[in-house]
Amino acid sequence: MLRRRLNRLFGRDERKVDSRTIYVGHRPCPATEALIPPKFCDNRIVSSKYTVWNFLPKNLFEQFRRIANFYFLIIFLVQVIVDTPTSPVTSGLPLFFVITVTAIKQGYEDWLRHKADNEVNKYLVTVLEDGRRACKESEKIKVGDVVEVVEDETFPCDLILLQSSREDETCFVTTASLDGESNHKTHYTVPDTERNLESLSATIECEQPQPDLYKFVGRMHIYRNNQEPAVRSLGPENLLLKGATLKNTQKIYGVAVYSGMETKMALNYQGKSQKRSAVEKSINAFLLVYLCILVSKALVCTTLKYVWQNRPGQDEPWYNQKTQKEKDANLYLKMFTDFLSFMVLFNFIIPVSMYVTVEMQKFLGSFFISWDKDFFDPEIQEGALVNTSDLNEELGQVEYVFTDKTGTLTQNNMEFIECCIDGFQYKYADSGTELDGFCVTDGPVNILQQKAGREKEELFLRALCLCHTVQVKEATGQGDGVADGVEDQVDGVMGLDGETVGPADLGGFIASSPDEVALVKGAMKYGFKFLGMESKNMRVMNRNNDVETYELLHVLNFDPVRRRMSVIVRTKSGDTMLFCKGADSSIFPRVRQEEVDRIRMHVERNATEGYRTLCVAYKLLSREEYDQADTGLREAKLALQDREEKLMAVYNQVETGMSLIGATAVEDRLQEEAAETMEALQGAGMKVWVLTGDKMETAKSTCYACRLFQRSTELLELTVRTLVDLGRKREERLHELLLDYHKRAVQDAPPIKAGVTRSWSSANQDYGFIIDGATLSLVLNSSPESNSSCYKSLFLQICQNCTTVLCCRMAPLQKAQIVKMVKNCKGSPITLSIGDGANDVSMILEAHVGIGIKGREGRQAVRNSDYAIPKLKHLKKLLLGHGHLYYVRIAHLVQYFFYKNLCFILPQFLYQFFCGYSQQPLYDAAYLTMYNICFTSMPILANSLLEQHICMEVLMDNAALYRDVAKNAMLGWGPFLYWTLLGVYQGLLFFFGVRFLFSNPALQDNGQVFGNWSYGTIVFTVLVFTVTLKLAMDTRHWTWINHFVIWGSLAFYMFFSFFWGGIIWPFLRQQRLYFVFANMLSSVSAWLIIILLILLSLLPEILLLVLRKPRGPHSRQKKPVVQSGVGETQSPRSSARPLLMKTFSDESNTIL
Amino acid sequence: MMASSYNAKEDGHVTVPGGGTIQNKKPDNTAFKQQRLPAWQPILTAGTVLPAFFVIGLIFIPIGIGLYVTSNNIKEFEIDYTGTDMSSPCFNCSQSFSWNSTRPCTCALPFSLEQPFESNVFMYYGLSNFYQNHRRYVKSRDDSQLNGDTTSLMNPSKECEPYARNEKMPIAPCGAIANSMFNDTLDLYYIDPNGTRIQIPLMKKGIAWWTDKHVKFRNPGGNPNLTSAFQGTTKPINWRKPVYELDTDAENNGFINEDFIVWMRTAALPTFRKLYRIIQKKNNMTPTLPRGNYTLEVTYNYPVRSFEGRKRVILSTISWMGGKNPFLGIAYITVGSVCFFLGVVLLIIHHKYGSRNNTADIPN
């Protein structure tokens, strides 16, 4: 997907025409003599896969592309065509069932997609056509149409905003369904367009469709009566995206620029690729083995058959003549059909029912996750959500956890903690009460102790009030209601949260980042209140309750590269001021050094305490300076090419020579039980990587707080900071550091035994690795001629030996890149990504298992995830509890299925040696069909749903138990061989035990003899009992359902056998089993052999259980043991503890 | 390939099992849904398994001994009368066999019993290398015809091919099994110490399963006159007489002839025996078959030389466990002893290492 996207991006560059021209309202413009209406695609969205006509063939084709289905189809066809020992019904019926159910499910899903498509495509929109308002279906919109959209409607295509009903020429939009950001964004009309749209004559020149939601470059030429056309620049702020919703604005008009599948939304859609679990891969491998067994069995039998037939008198003795047709058949054809017949006879070794059972297990099993009340979060009134049931067992196999920081490890619930003005620290007292256990030692500090000069303070607070893009939520009751309702619908969080934007506050604030809200509210606590915008004027209420008004001249937007934002305002008195806030690293170089020295200490201390720090600076602009900046900005905004770069240059030019006023510290609290969860994950042998866009210091302190880094952890740092080294090339330094770290972490480390077991004894030095985005791209994409692959492998090796890796300053795409890199490295470990925001979607989609947190950053992550949980702490139970159990269950299910079919078919195979290789089935057709469907299916299904070999609490308390099943331990070749051998042993036993009994078939006390069907029935009875009892022995958790199903199955078998043999069935051609079962039970010898064989076949299993005993109870007896020695594994400290106050400096741990 | 994000939500609702409905509800706090059903968690420990081993051993060994003794007490006498050997009295018959010969070939085999057969004696015939379990053979029958269905009588199933019709006439009973019915006649004579031959009465009834005789096999049409009931059918190709002439006794004629029914129950293995006759004990005073010399008179109709088969006659008494088969007794004794032995070994292991393991576990 990524590649495709990149290709598309590159492809755009290669395209000859790199812009499109749109005639607004399809009106010819004076400048262009001949109007050639350009061809654009229509506005239809097609997401469905099938139509009514192609559904059947296409769906069948897709289904039979699955190798298993195809195999069963072949078997079925063979049975139909060739004269085979079993009737086609035996394999046709289950196959038909499976195919039908799947087709219905897929058809239903596609029908829903059709419905959704239609809803969008047939939606009626108002289009201005030749001065009239006309209603059109959405799909009929053409590029160039002027479309009217009213409040709360979604935009039918990508539009350029021409006119808004709001006075300030703006409109508000929420893009929750696109990128998950639920805040209201402001979009602007193209400046100076005419109010009368009918007479507007303009062309728009813009780039070709591309998927980036936040990029748009265009230019609008407006033609007025014989005047020189006016040119206006168009940016993303003018573009309204399809899928976004209009808010707080009554009506807008826009001209369609991209339509249908060329809209950014359609281009952005990432096909959710099917994730396959590792268990499925194991199943396929086993399947291959069994297929080989099957084919070799058939080959052996066919060969022996012809060898045997060559002996005189064997092929066609007088008592058993062939029909004429058989005699005439071609020898080779006969051999081939014989081979196929054997295949059919033995094909039960790979049963259709296994797929059905596995699917059922997964489907039904996933209910337990959504039912789990421990996952229920009373705050958002939701439990866990399961988006796919295919990956349940993968949860028990995770080796790498990639977690987002903000919103995942931390709550993304910002709180203004303190500020520092001119080197003096200010702390607001009330914040202490909300954080239990963390109280400022020097008692409640009064609001603004007179430390810094009052002037400075007020300047600082004004800066906080002005330098942001926060909007005040409209206070009108109606507006509020709508907004609330929408937010509830969008993510269900906001309404209940009450903290950041709750209506309880006097003014609700809407902002793209919670930091800004926290800052504005922080200023409010100190008496400066931001009242909102009034047509380009920002109103602030100061401490004396006077309203100050500032004219907003320019907003120098925040971007992650610059890491700062500025506003230019004009005060009442006519002064032009620039306020700038941003990360310390981006502000410090731009202010005077002596100011920095006063504040740096505070900033660094705050950063190590895990607060997000921002520095605030200002600058008084002289008239000349302002004019220069103003023209620069306007010019840059108009540029069609390299607009970003040009803007950046102007920004950089303007934001210099500022003076630093102060710094702020905002706390992002840890999620509940974040530390315990992370500790448990590490204890379970998982490696935790924190991928965050945040800055290093903050992320590092979060890692310490989550106990991902311990005090003893040696930190290996590979960041831009460490790479800066006395004029040497960064590559060289990088190379050097990598080699050094590699030596330290990989070569000098004692060889880690058995792969995953990171012993947590202190003898082993723990390493933590820190890398930032810029360095990472240097590692991954270093110049092609240098040894980039070498860097990459060095990097990977270091990372694999570190317990925790922290990647900061990551772009969303880089997150996915990292996940992909780890996923594809040696041993292909199972990866899990957990995140809550739209920026985590890429890594959630990339990882084997994607987990979304139902946080406050919209629903995007949840929608794209495989599982969604309300809180991070639930991850522990999801992995250690559910994941472990599901893995054990499905592994057991798979092994058991192969085993039970091996010992089912082996006697049938052996019987061929005694029946002249004639494909005579040992068991009756009813038994052949029912074995997997009725007699032995329910117990294993119940077992695989309910089994808890170790109960949930113990699993949760002992994270180390997770290592027992790591690396697909229960589906390796070892266990597979064990089960196979068990199956072979039992199969041999069943067959030959009865074979020796039948050396004298007079088994009844009246001297009467038993025939071949009695033989088969005895074997089958032993088989059903053994296989069921074997399962009973494996069951460690006997609920009444297990009892019911296991004993019920056996009872059903007995009942069915009596019933089946008790009646002359009119529809059967042969009454083979008539009273066979009852006669068998009347024979003492049959009873004795059945009991003997069942016991004997289970004997090795019992023996193993006893011999394994020293290890077996170890896991179960651990419970009391652990409770006695809880100390180290479970720390009783409360989760609400704030970010720890470390007494040590983490710098000392960092190796530089 | 395309689906846009607006319907992702709907998709979610489709694929989420139960997700859609319970989303805004607190999950039910039932034991089942919370996986907290009360459960019995058996733990197999040496303490529970060891006694089981001993108990199994103690039960199995006596049963095994009982079985073995029982099997040994069963008297069994077997005589091969195939006649492949030049010295065999049936050599001539086996060599000169032809399907068309009208005069039956007979031969007499003398034998002597070293020990008397006290209780009822069951007389079996045994065939070797005869694949009654061959697939083509097993399916070559029409059970509805044998059940007295008149339409099937006239239209035998195609499974009976190539024994379904003979010169356009339906064969009754059709199929390879019926066609190849064993038709040697075996008679047993006791040679008195004074030289007189006494024919031993052989009972024809009670050799087939009761249900087969009374339910599964029925003569067509309920007509007491079998000849007319089988009107329009022809005898199997290799039979010498039609099905309604198998016996003179009406209760043992036609499809419900017990020899026929016994034959129709196909054997499990290529070497098999089938019950032929029962020699009933006359009274408690004299053994059924006293010690002494006997002659087996064979009407040799059944060719086996072409497929290298063997024919035997077995005289055997029967116990509660059936015919003579030492296997079961030996198996029980072996398994019993193995269990007992394992019990002892485990006990030693448990005593020696078990306690140490337990103590080692605790501080861990």
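## Salt bridges in the model

A salt bridge is counted where a side-chain nitrogen of Lys or Arg comes within 4 Å of a carboxyl oxygen of Asp or Glu. By that rule the structure, which is a predicted model, holds 51 salt bridges over all chains. Side chains of opposite charge can pair when their charged atoms come close. Several of these pairs are described below, after an outline of chain A.

## Chain A as a whole

Chain A has 1152 residues, and 60% of them are buried. Its secondary structure comes to 41 helices and 34 strands. Among the contacts in chain A with a separation of 6 or more, 74% are made by residues 24 or more positions apart.

## Strand β5 and its partners

Strand β5 of chain A covers residues 158-164, and seven of its seven residues are buried. The strand is therefore mostly covered, each of these residues falling under 20% relative accessible area.

β5(A) pairs with two strands of chain A. With strand β13 (residues 251-258) the pairing is antiparallel and extends over six bridges. D158(A) has Y258(A) as its bridge partner in β13(A). With strand β11 (residues 239-240) the pairing is also antiparallel, and two bridges make the connection. Here I160(A) is matched with L239(A) of β11(A). In a regular strand the side chains alternate between the two faces of the sheet.

## Helix α32 and its surroundings

Helix α32 of chain A (residues 937-946) is another mostly covered element, with nine of its ten residues buried. The buried residues are S937(A), P939(A), I940(A), L941(A), A942(A), N943(A), S944(A), L945(A) and L946(A).

The cover over the buried residues of α32(A) comes from several parts of chain A. It includes α10 (352-371), α30 (874-912) and α31 (925-935), along with α36 (1012-1034) and α37 (1040-1062).

## Salt bridges within the chains

R113(A) and D110(A) form a salt bridge through their side chains, at 3.4 Å from N to O. Why are R113(A) and D110(A) separated by about one helical turn? Both belong to helix α4 (residues 89-121) of chain A, and they are separated by about one helical turn because they are three residues apart in that helix. An α-helix has 3.6 residues a turn, so residues three or four places apart point the same way. R113(A) and D110(A) are both buried.

A second pair in chain A joins K871(A) to E672(A), with the closest N and O atoms 3.1 Å apart. K871(A) lies in the loop between β33 (867-869) and α30, and E672(A) in the loop between β26 (659-670) and α21 (674-683), so this salt bridge ties together parts of chain A that are 199 residues apart in sequence. K871(A) has a relative accessibility of 10% and therefore counts as buried. E672(A), at 28% relative accessible area, is partly exposed.

In chain B, D249(B) forms a salt bridge with K205(B), and the closest N and O atoms are 3.1 Å apart. D249(B) sits in the loop between α10 (226-229) and α11 (258-264) of chain B, while K205(B) sits in the loop between β7 (197-199) and α9 (210-216) of chain B, so the pair links parts 44 residues apart in sequence. D249(B) is partly exposed at 29% relative accessible area, and K205(B) is partly exposed at 36%.

Some salt bridges share partners. One network made in this way joins R44(A), K122(A), E137(A), E139(A) and K140(A).

## The interface of chains A and B

The size of an interface is often given as the accessible area lost when the parts come together. Chain A and chain B bury about 10,600 Å² between them, with 60% of that area on carbon and sulfur atoms. In chain A, the residues that lose the most area to chain B are W318(A), Y319(A) and W371(A), which together account for 9% of what that side buries. By contact, 128 residues of chain A meet 115 residues of chain B.

Between the two chains, 35 residue pairs are in polar contact, both residues being at pLDDT 80 or more. Helix α39 (residues 1084-1107) of chain A gives the most to the side of chain A that touches chain B, contributing 14 residues. That side is made up of 63 nonpolar, 41 polar and 24 charged residues. Two salt bridges are found across the interface of chain A and chain B. In one salt bridge the side chains of R1069(A) and E159(B) meet at 2.3 Å, N to O.

Conventions. Residues are numbered from 1 along each chain as its sequence is written. Chains are lettered from A and ligands numbered from 1 in the order in which they are written. This is a predicted model: local features need pLDDT of at least 70, side-chain atom pairs count only at pLDDT 80 or more; totals for chains, interfaces and linings use all residues. Side-chain values use heavy atoms; hydrogens and water are left out. Buried means under 20% relative accessible area, exposed over 50%, partly exposed in between (1.4 Å probe, protein chains only). Helices (H or I, at least four residues) and strands (E, at least two) are DSSP runs, numbered from the N terminus. Two strands pair if DSSP finds at least two bridges between them. Contact means heavy atoms within 4.5 Å. Buried area is the accessible area (1.4 Å probe) that two parts lose on being put together, summed over both. A polar contact is a pair of N or O atoms within 3.5 Å; within protein, one must be able to donate a hydrogen and the other to accept it, and residues adjacent in sequence count only if both atoms are side-chain atoms. Ala, Val, Leu, Ile, Met, Phe, Trp, Tyr, Cys and Pro count as nonpolar, Asp, Glu, Lys and Arg as charged, and the others, Gly among them, as polar.
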